Amino acid sequence: MDLKTMTYLVVGATFALYIGIAFWARAGSTGEFYAAGRGIHPVANGMATAADWMSAASFISMAGLIAFQGYEGAKFLMGWTGGYVLLALLLAPYLRKFGKFTVPEFIGDRFYSNMARFVAIICLITISITYVIGQMRGVGVAFSRFLEVDVATGLFTGMGIVFLYAVLGGMKGITYTQIAQYCVLITAYTIPAIFISMNLTGTPVPQLGLIGNYQDAGIPLMEKINQTITELGFKQYDGPVRSQLDMTLYTLSLMIGTAGLPHVIIRFFTVPKVSDARWSAGWALVFIALLYTVAPAVGAMARLNVTTTIWPNGVQEAPIEYAAVPQWFKTWEKTGLLKFEDKNNDGKIQFYNDKSDAMTTLAGERGWSGNELVKFDRDIMVLANPEIAGLPNWVIALVAAGGLAAALSTAAGLLLAISSSISHDLLKGILMPNITEGTELLAARIAMAGAIGVAGYFGLNPPGFAAQVVALAFGLAASSIFPALMMGIFSKRINSHGAILGMIAGIGVTLAYIFAYKGMFFIKGTAIFPASTPEYWIMGVSPEAFGAIGALVNFVVAYFVSMATAAPPKEIQDLVESIRVPRGAGAATGH
Amino acid sequence: MENESGRNYWAANIRLVTVLLLIWAFVSYGMGILLRPALEGIKVGGVDLGFWMAQQGSIYVFIVLIFVYAVMMNGLDRQYNVEEE
């Protein structure tokens, strides 16, 4: 069977499964729509959380980032897993005990202020919209590459599927679909990794392959990679990092940001008990780690495979003739993600670091005119992995379905966070408190449909700053939502003034730092510094790493403002007491 | 909660969380980043310990930390008689 038919078959089968779940898990009440009736088993919720969390970026882009950054890529690995420890120990059980439906609702109630709730709604919607644009883009791109339809058709198909199960089923439909999507994406990610690890290191466990020996030469894989890439002028794979301070803050910002992402937090509202929320966070991390501990192996091995494909006998011999490249090279050239330019017209592909001085000398001797692999998109590392390793068509088809599952599952979680903050917080909480449950449920569905429309629009017409949004989403979550939630639980003294000013100060400094390097609201030409490169960063701290500083500012401002003003009223202090003990959580679910 | 048992429960909780977060920071920021140059000589298979902690080990420790927390907290809930009915 040819690849295209196979891909249609596999992707079609997974979509049929999601639609089936959509009709089976329809939501009948706001409790089911917002929190799946709080009846999800902790292990099942862990699996759904893993799918909710692992986006197109985790599935498609992360291994490629690590492949090119080497050791430093660990900031994504630690940052995007370590946040779960913060979530489990500091937030999830308490927010579950609180027993309401949304993150702004907790902030509004705990800080007895609609203003606080409103600031939280603005943060939540900004974070979630920026995040969902990337997912929609991922859906469109996966469709266009693997199924050879245009991006718009792919995007509309994806929107249609999400519409069915998210609008009909709300959190309930999304949860069961995410469980199915997790199974699809983890299978799709690990099968190629197992094959490649077998080929290179002889062990089927990629985690062991990473630290194992390169079979052909009997030396450690890492040594082989270092040899292969340094002789082409590239940085050593496990070499030291530019700035330990920047890497530490970057990792910390991703961790705090992860723990403050509303679409992840609300998943813990779906389990029956406080103790389940604790277990469930652990299970979520187990399921996430299945991908996250494989990703560094995929990255390292892909880096080696790609380099040895082009230089089969090392830099001392000639590189591959363009006429002799494997099929995957031609396939990915067509997508524009890979580009060869024969600068010295010798028909061979000279791929090396032409910015390295040592290589300039060698290039002069050998008659090279610069690096000829002029474009090499990092996403190829995962998407073309099975082809590079020569795996059968069904594995390639599975990777397409896995990428779609990762993007759709995260999009659905984000859309639910957006729609519930509109229908539950803005409409029911602030604007029209007297609407009935039926009206609220209808409003939630309309908000969901609207959010899908907005996400689809931006997916088709991505704003110029699409690539910068990760810094923005994590920076905002780290500097606003996480500190507000944590102080709301662990301090009885933080009052509404402290919380509101703390959030505004935290977001303020974080946005100021990001905009100073990337332009005001990402508009070109409005940046204060000439470029976002290490020599201009204050103390070498990148804008992506600034969320942790923003969080610190939030904590400090909230503390001093609260101390200078009156303590929260007695009933708020009692509320904090009550969320600190698990007993009585069942009673709170009735809402 | 405004009694001695309630205060002790909360104090035990804070102690547990503090210890676990110290370990959390030590394995990631400590061994994975800041102490990596000092650990250069120690090998895990073909890579150095700092590299392995940053790309593999810290994630395994994170999982263990959450499960230890769940077990110990559920134990504290019972000990102080505040678990869910």
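This report describes a predicted model of two chains, A and B, going from the contact between them to helix packing, single residues and the form of chain B.

**Where the two chains meet**

The contact between the chains draws 43 residues from chain A and 37 residues from chain B. On the side of chain A that touches chain B, at least two residues each are supplied by α5 (74–98), α10 (221–230), α11 (244–259), α13 (274–292) and α25 (585–588) of chain A. Of these, α13(A) gives the largest share of that side, namely 10 residues. When the residues on the side of chain A that touches chain B are sorted by character, 24 are nonpolar, 12 are polar and 7 are charged.

**Two helix pairs in chain A**

Two packed helices are described by the angle between their axes and by the distance between the axes. The table sets out these values for two pairs in chain A.

| Helix pair | Residue ranges | Angle between axes | Distance between axes |
|---|---|---|---|
| α1(A) and α8(A) | 3–24 and 151–201 | about 130° | 8 Å |
| α4(A) and α14(A) | 56–69 and 295–310 | about 55° | 8 Å |

Helix α1 of chain A packs on helix α8 of chain A at an angle of about 130°, and α1(A) is therefore oblique to α8(A). The crossing in which α1(A) passes α8(A) is right-handed. On the α1(A) side the contact is made by Thr14(A), Phe15(A), Leu17(A), Tyr18(A), Ile19(A), Ile21(A) and Ala22(A), while the residues that α8(A) brings to the contact include Ile161(A), Leu164(A), Tyr165(A), Gly169(A), Gly173(A) and Val184(A). Counting the residues of this contact of α1(A) with α8(A) by character gives 13 nonpolar, 4 polar and no charged.

For the second pair, α4(A) and α14(A), the angle is about 55°, and these two helices are therefore also oblique to each other. Here, too, α4(A) passes α14(A) in a right-handed crossing. The residues of α4(A) that take part are Met62(A), Ala63(A), Gly64(A), Ile66(A) and Ala67(A), and among the residues they meet in α14(A) are Ala295(A), Pro296(A), Val298(A), Gly299(A) and Arg303(A). The contact of α4(A) with α14(A) divides into 9 nonpolar residues, 2 polar residues and 1 charged residue.

**A hardly covered helix and some single residues**

How many of the 10 residues in helix α16 (residues 357–366) of chain A are buried? The count is 1, and this helix is accordingly described as hardly covered. The residue that follows α16(A) is Gly367(A), whose phi is positive, near 75°.

A positive phi is also found in two residues of chain A other than glycine, and their surroundings can be set side by side. Arg38(A) has a phi near 50° and lies in the loop between α2 (30–35) and α3 (42–53) of chain A. Because Arg38(A) has 21 C-beta neighbours inside 10 Å, Arg38(A) counts as buried, the cut-off being 20 or more. Asn345(A) likewise has a phi near 50°, and its place is the loop between β3 (338–340) and α16 of chain A. Asn345(A) has 7 C-beta neighbours inside 10 Å and therefore counts as exposed, since that term covers residues with 12 or fewer.

Ile579(A) belongs to helix α24 (residues 570–579) of chain A. Is Ile579(A) buried or exposed? With 22 C-beta neighbours inside 10 Å, Ile579(A) counts as buried. If its neighbours within four places in sequence are left aside, Ile579(A) is in contact with Tyr94(A), Lys97(A), Phe98(A) and Ile489(A). Ile66(A), one of the α4(A) residues that meet α14(A), is 513 residues from Ile579(A) along the chain, and the C-alpha atoms of the two are separated by 40 Å.

**The form of chain B**

Chain B contains 2 helices and 2 strands, and from the N terminus on its elements run in the order α-β-β-α. The radius of gyration of chain B is 17 Å, well over the 12 Å that the globule rule gives for 85 residues, so chain B is more spread out than a compact globule. The C-alpha trace of chain B spans about 55 × 20 × 15 Å along its principal axes. Of the 85 residues in chain B, 36% are buried. Among the contacts in chain B with a separation of 6 or more, 57% are accounted for by residues 24 or more positions apart.

Conventions:
Residues numbered from 1 in each chain as written. Chains lettered and ligands numbered in written order. Predicted model: local features only at pLDDT ≥ 70, side-chain atom pairs only at ≥ 80, totals over all residues. Contact = placed C-beta atoms within 7 Å. Helix = DSSP H or I, 4+ residues; strand = E, 2+ residues; numbered from the N terminus. Nonpolar A, V, L, I, M, F, W, Y, C, P; charged D, E, K, R; others polar. Axes fitted to C-alpha atoms, helices over the stretch in contact; angles between N-to-C directions. Parallel < 35°, antiparallel > 145°, perpendicular 65-115°, else oblique. Left-handed = near helix turned anticlockwise from the far one by under 90°. Rg over C-alpha atoms; globule rule 2.2 N^0.38 Å.
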